Amino acid sequence: MLKKLLLVVIIALAAFVIYKGPSGVIGLLFMSHSAKPAAVEQTDILGQPVGKNGQKVLVAYFSWGGNTRKVAAKIHGLTGGDLYEIRTAEPYPADYKPAVEIAKKELEQNLRPQLGGTLPDLTQYDVIILGYPIWWGIEPMAVKTFVESADLSGKTILPFATSGGSGMEESVADLRKTLPNADVKDGLLANISSKIEPWLKSNGML
(Lines give C-alpha, C1' and ligand atoms only; values in the text may rest on other atoms or scores of the structure.)
Protein backbone atom coordinates (compact mmCIF):
# COMPACT_ATOMS: atom_id res chain seq x y z
CA MET A 1 0.00 0.00 0.00
CA LEU A 2 2.84 2.36 0.92
CA LYS A 3 4.61 1.62 -2.37
CA LYS A 4 1.46 2.45 -4.34
CA LEU A 5 1.07 5.72 -2.45
CA LEU A 6 4.68 6.69 -3.16
CA LEU A 7 4.21 5.90 -6.85
CA VAL A 8 1.17 8.17 -7.04
CA VAL A 9 3.11 11.01 -5.39
CA ILE A 10 6.07 10.59 -7.77
CA ILE A 11 3.79 10.66 -10.83
CA ALA A 12 2.04 13.75 -9.52
CA LEU A 13 5.32 15.55 -8.88
CA ALA A 14 6.54 14.68 -12.38
CA ALA A 15 3.89 17.01 -13.74
CA PHE A 16 5.54 19.98 -11.99
CA VAL A 17 8.93 21.69 -12.19
CA ILE A 18 10.53 23.99 -9.67
CA TYR A 19 11.18 27.48 -10.94
CA LYS A 20 12.63 30.68 -9.52
CA GLY A 21 10.58 33.77 -10.28
CA PRO A 22 11.93 37.25 -11.04
CA SER A 23 11.56 38.20 -7.37
CA GLY A 24 13.55 35.17 -6.22
CA VAL A 25 10.44 33.30 -5.00
CA ILE A 26 10.58 29.57 -5.50
CA GLY A 27 7.40 28.11 -6.95
CA LEU A 28 5.93 25.33 -9.01
CA LEU A 29 4.89 25.34 -12.63
CA PHE A 30 2.48 22.81 -14.06
CA MET A 31 3.91 21.35 -17.27
CA SER A 32 1.18 20.92 -19.87
CA HIS A 33 1.51 18.22 -22.51
CA SER A 34 0.96 20.89 -25.16
CA ALA A 35 2.96 23.91 -23.98
CA LYS A 36 3.12 25.21 -27.59
CA PRO A 37 -0.11 24.73 -29.52
CA ALA A 38 0.31 23.86 -33.18
CA ALA A 39 -0.07 26.80 -35.56
CA VAL A 40 -3.57 26.93 -37.05
CA GLU A 41 -4.07 28.48 -40.47
CA GLN A 42 -6.69 31.21 -40.38
CA THR A 43 -9.54 30.83 -42.85
CA ASP A 44 -12.66 32.76 -43.84
CA ILE A 45 -16.22 31.44 -43.72
CA LEU A 46 -15.62 29.60 -47.00
CA GLY A 47 -12.51 27.90 -45.63
CA GLN A 48 -10.12 29.99 -47.72
CA PRO A 49 -6.85 31.11 -46.06
CA VAL A 50 -6.71 34.69 -44.82
CA GLY A 51 -3.88 36.76 -43.43
CA LYS A 52 -3.28 37.12 -39.72
CA ASN A 53 -5.01 40.51 -39.85
CA GLY A 54 -8.23 38.83 -41.04
CA GLN A 55 -7.98 40.09 -44.64
CA LYS A 56 -7.43 38.09 -47.80
CA VAL A 57 -3.69 38.51 -48.37
CA LEU A 58 -1.47 37.43 -51.26
CA VAL A 59 2.32 37.60 -51.09
CA ALA A 60 3.35 37.63 -54.75
CA TYR A 61 6.95 37.99 -55.85
CA PHE A 62 9.31 37.80 -58.80
CA SER A 63 12.83 36.59 -58.03
CA TRP A 64 15.79 36.12 -60.34
CA GLY A 65 18.73 35.39 -58.02
CA GLY A 66 16.75 34.12 -55.03
CA ASN A 67 17.07 37.10 -52.66
CA THR A 68 13.51 38.31 -53.20
CA ARG A 69 12.23 34.74 -52.77
CA LYS A 70 13.79 34.54 -49.30
CA VAL A 71 12.26 37.84 -48.24
CA ALA A 72 8.85 36.79 -49.61
CA ALA A 73 8.98 33.55 -47.61
CA LYS A 74 9.75 35.50 -44.43
CA ILE A 75 6.91 37.95 -45.06
CA HIS A 76 4.48 35.12 -45.80
CA GLY A 77 5.50 33.41 -42.56
CA LEU A 78 4.66 36.60 -40.66
CA THR A 79 1.44 37.57 -42.43
CA GLY A 80 -0.15 34.28 -43.48
CA GLY A 81 -2.45 34.23 -46.51
CA ASP A 82 -1.31 32.88 -49.88
CA LEU A 83 2.13 32.82 -51.51
CA TYR A 84 2.70 33.01 -55.28
CA GLU A 85 5.86 33.20 -57.36
CA ILE A 86 5.67 35.20 -60.59
CA ARG A 87 7.51 33.26 -63.29
CA THR A 88 8.08 34.05 -66.94
CA ALA A 89 7.16 31.48 -69.57
CA GLU A 90 10.73 31.71 -70.84
CA PRO A 91 13.09 31.95 -67.85
CA TYR A 92 15.73 34.66 -67.79
CA PRO A 93 19.33 33.49 -68.26
CA ALA A 94 21.10 32.39 -65.09
CA ASP A 95 24.13 34.54 -65.95
CA TYR A 96 23.93 38.15 -64.82
CA LYS A 97 25.01 39.99 -67.98
CA PRO A 98 22.61 38.26 -70.43
CA ALA A 99 19.73 38.68 -67.94
CA VAL A 100 20.49 42.40 -67.60
CA GLU A 101 20.55 42.83 -71.37
CA ILE A 102 17.13 41.22 -71.73
CA ALA A 103 15.73 43.29 -68.87
CA LYS A 104 17.04 46.49 -70.46
CA LYS A 105 15.50 45.59 -73.82
CA GLU A 106 12.11 44.86 -72.20
CA LEU A 107 12.20 48.21 -70.40
CA GLU A 108 13.25 50.24 -73.46
CA GLN A 109 10.54 48.64 -75.61
CA ASN A 110 7.92 48.64 -72.81
CA LEU A 111 7.40 44.91 -73.30
CA ARG A 112 5.21 42.60 -71.23
CA PRO A 113 6.86 39.16 -71.06
CA GLN A 114 4.47 36.23 -71.02
CA LEU A 115 4.10 34.56 -67.65
CA GLY A 116 4.26 30.83 -67.03
CA GLY A 117 1.86 28.72 -65.01
CA THR A 118 -1.65 29.54 -63.85
CA LEU A 119 -2.20 33.04 -62.52
CA PRO A 120 -4.16 33.43 -59.27
CA ASP A 121 -7.48 35.25 -59.24
CA LEU A 122 -6.20 38.61 -57.97
CA THR A 123 -9.70 40.03 -57.57
CA GLN A 124 -10.32 37.85 -54.48
CA TYR A 125 -7.59 39.54 -52.40
CA ASP A 126 -7.83 42.63 -50.22
CA VAL A 127 -4.06 43.11 -49.97
CA ILE A 128 -1.29 42.14 -52.38
CA ILE A 129 2.21 42.27 -50.92
CA LEU A 130 4.31 42.56 -54.06
CA GLY A 131 8.02 41.77 -54.16
CA TYR A 132 10.66 42.16 -56.85
CA PRO A 133 14.31 43.05 -57.48
CA ILE A 134 15.07 46.54 -58.77
CA TRP A 135 16.01 46.35 -62.46
CA TRP A 136 17.05 49.56 -64.19
CA GLY A 137 15.51 51.62 -61.41
CA ILE A 138 12.03 50.04 -61.40
CA GLU A 139 10.26 46.70 -61.06
CA PRO A 140 10.88 44.02 -63.75
CA MET A 141 8.48 44.13 -66.65
CA ALA A 142 7.22 40.66 -65.71
CA VAL A 143 5.75 42.29 -62.59
CA LYS A 144 3.86 44.71 -64.82
CA THR A 145 2.45 41.75 -66.75
CA PHE A 146 1.28 40.31 -63.45
CA VAL A 147 -0.41 43.40 -61.98
CA GLU A 148 -2.06 44.24 -65.30
CA SER A 149 -3.62 40.76 -65.54
CA ALA A 150 -6.65 41.80 -63.44
CA ASP A 151 -8.54 44.88 -62.30
CA LEU A 152 -6.92 45.84 -59.00
CA SER A 153 -9.10 48.87 -58.35
CA GLY A 154 -9.56 49.39 -54.62
CA LYS A 155 -6.90 46.84 -53.70
CA THR A 156 -4.09 47.65 -51.29
CA ILE A 157 -0.64 47.04 -52.79
CA LEU A 158 2.36 46.81 -50.46
CA PRO A 159 5.57 46.75 -52.54
CA PHE A 160 8.88 45.47 -51.27
CA ALA A 161 12.13 45.10 -53.15
CA THR A 162 15.69 43.82 -52.98
CA SER A 163 18.46 45.78 -54.59
CA GLY A 164 22.20 45.84 -55.04
CA GLY A 165 22.29 49.56 -54.31
CA SER A 166 19.39 51.37 -55.99
CA GLY A 167 16.43 52.72 -54.05
CA MET A 168 12.84 51.71 -54.82
CA GLU A 169 11.08 55.08 -54.85
CA GLU A 170 11.02 55.12 -58.65
CA SER A 171 9.42 51.67 -58.77
CA VAL A 172 6.68 52.72 -56.30
CA ALA A 173 5.95 55.78 -58.43
CA ASP A 174 5.81 53.56 -61.51
CA LEU A 175 3.41 51.13 -59.84
CA ARG A 176 1.14 54.03 -58.87
CA LYS A 177 1.13 55.13 -62.50
CA THR A 178 0.42 51.57 -63.66
CA LEU A 179 -2.31 51.03 -61.03
CA PRO A 180 -4.00 54.44 -60.66
CA ASN A 181 -7.10 52.97 -58.99
CA ALA A 182 -5.25 50.84 -56.43
CA ASP A 183 -3.88 52.05 -53.11
CA VAL A 184 -0.14 51.58 -53.62
CA LYS A 185 1.58 52.16 -50.28
CA ASP A 186 5.13 53.33 -49.71
CA GLY A 187 7.46 50.43 -50.29
CA LEU A 188 10.15 48.72 -48.26
CA LEU A 189 13.68 48.13 -49.49
CA ALA A 190 14.00 44.81 -47.70
CA ASN A 191 17.77 44.33 -47.81
CA ILE A 192 17.82 44.57 -44.00
CA SER A 193 15.56 41.88 -42.55
CA SER A 194 15.03 43.66 -39.23
CA LYS A 195 12.98 46.33 -41.04
CA ILE A 196 10.41 43.87 -42.37
CA GLU A 197 8.28 43.28 -39.27
CA PRO A 198 8.00 46.98 -38.28
CA TRP A 199 6.98 47.81 -41.86
CA LEU A 200 4.28 45.14 -41.82
CA LYS A 201 3.01 46.36 -38.44
CA SER A 202 2.89 49.97 -39.64
CA ASN A 203 0.68 48.83 -42.53
CA GLY A 204 -1.70 46.88 -40.31
CA MET A 205 -0.59 43.44 -41.45
CA LEU A 206 0.30 42.04 -38.02
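Before we start, one definition: a pocket here is an open set of grid points with protein on both sides within 12 Å along at least five of seven lines, and its lining residues have an atom within 4 Å of a point. Keep that in mind, please, and hello everyone!

What you see above is a predicted model. Let me begin with the overall picture. The protein has six helices and eight strands. If you walk along the sequence, they come in the pattern α-β-β-β-α-β-α-β-α-β-α-β-β-α. There are 206 residues, and 37% of them are buried. Now look at the contacts with a separation of 6 or more: 71% of those are between residues 24 or more positions apart. On the outside, the accessible surface comes to about 12500 Å², and carbon and sulfur atoms hold 57% of that.

Now to the empty space. Rolling a probe the size of a water molecule over the atoms shows where such space is left.

Let's take the largest pocket, with a volume of about 440 Å³. It is lined by 21 residues, and those closest to the centre are Tyr96, Pro133, Ile134, Trp135 and Gly164. Which elements give two or more residues to this lining? They are helix H2, residues 67–79, and helix H3. H3 provides the largest share, four residues. As for chemistry, the lining has nine nonpolar residues, twelve polar ones and no charged ones.

The second largest pocket holds about 190 Å³. Among the residues that line it are Phe62, Trp64, Arg69, Glu85, Arg87 and Tyr92. How many charged residues does this lining have? Three, along with seven nonpolar and two polar residues.

Finally, the cavity. A search of the whole structure turns up one cavity of 30 Å³ or more. About 50 Å³ of space lies in it. The residues around it are Ala103, Glu106, Leu107, Trp135, Trp136, Ile138, Glu139, Pro140 and Met141. Seven of these count as nonpolar and two as charged, with no polar residue in the lining. Which helix gives the most to this lining? That is H3, residues 96–108, with three residues.

So if you take one thing to your own viewer, try finding H3: it gives the largest share to the lining of the largest pocket, and it also gives the most to the lining of the largest cavity. Trp135 is worth a look too, as one of the residues closest to the centre of that pocket and one of those lining the cavity. Thanks for listening!

Technical notes. Residues are numbered from 1 along each chain as its sequence is written. This is a predicted model: local features need pLDDT of at least 70, side-chain atom pairs count only at pLDDT 80 or more; totals for chains, interfaces and linings use all residues. Side-chain values use heavy atoms; hydrogens and water are left out. On a 1 Å grid over the protein atoms alone, a cavity is a set of points where a 1.4 Å probe fits but cannot get out, and a pocket is an open set with protein on both sides within 12 Å along at least five of seven lines; lining residues have an atom within 4 Å of a point. Grid points are joined across faces, edges and corners, and a volume is the space filled by probe spheres set on the points. Ala, Val, Leu, Ile, Met, Phe, Trp, Tyr, Cys and Pro count as nonpolar, Asp, Glu, Lys and Arg as charged, and the others, Gly among them, as polar. Buried means under 20% relative accessible area, exposed over 50%, partly exposed in between (1.4 Å probe, protein chains only). Contact means heavy atoms within 4.5 Å. Accessible areas come from the Shrake-Rupley method with a 1.4 Å probe; for residues, only the protein chains shown count as cover.
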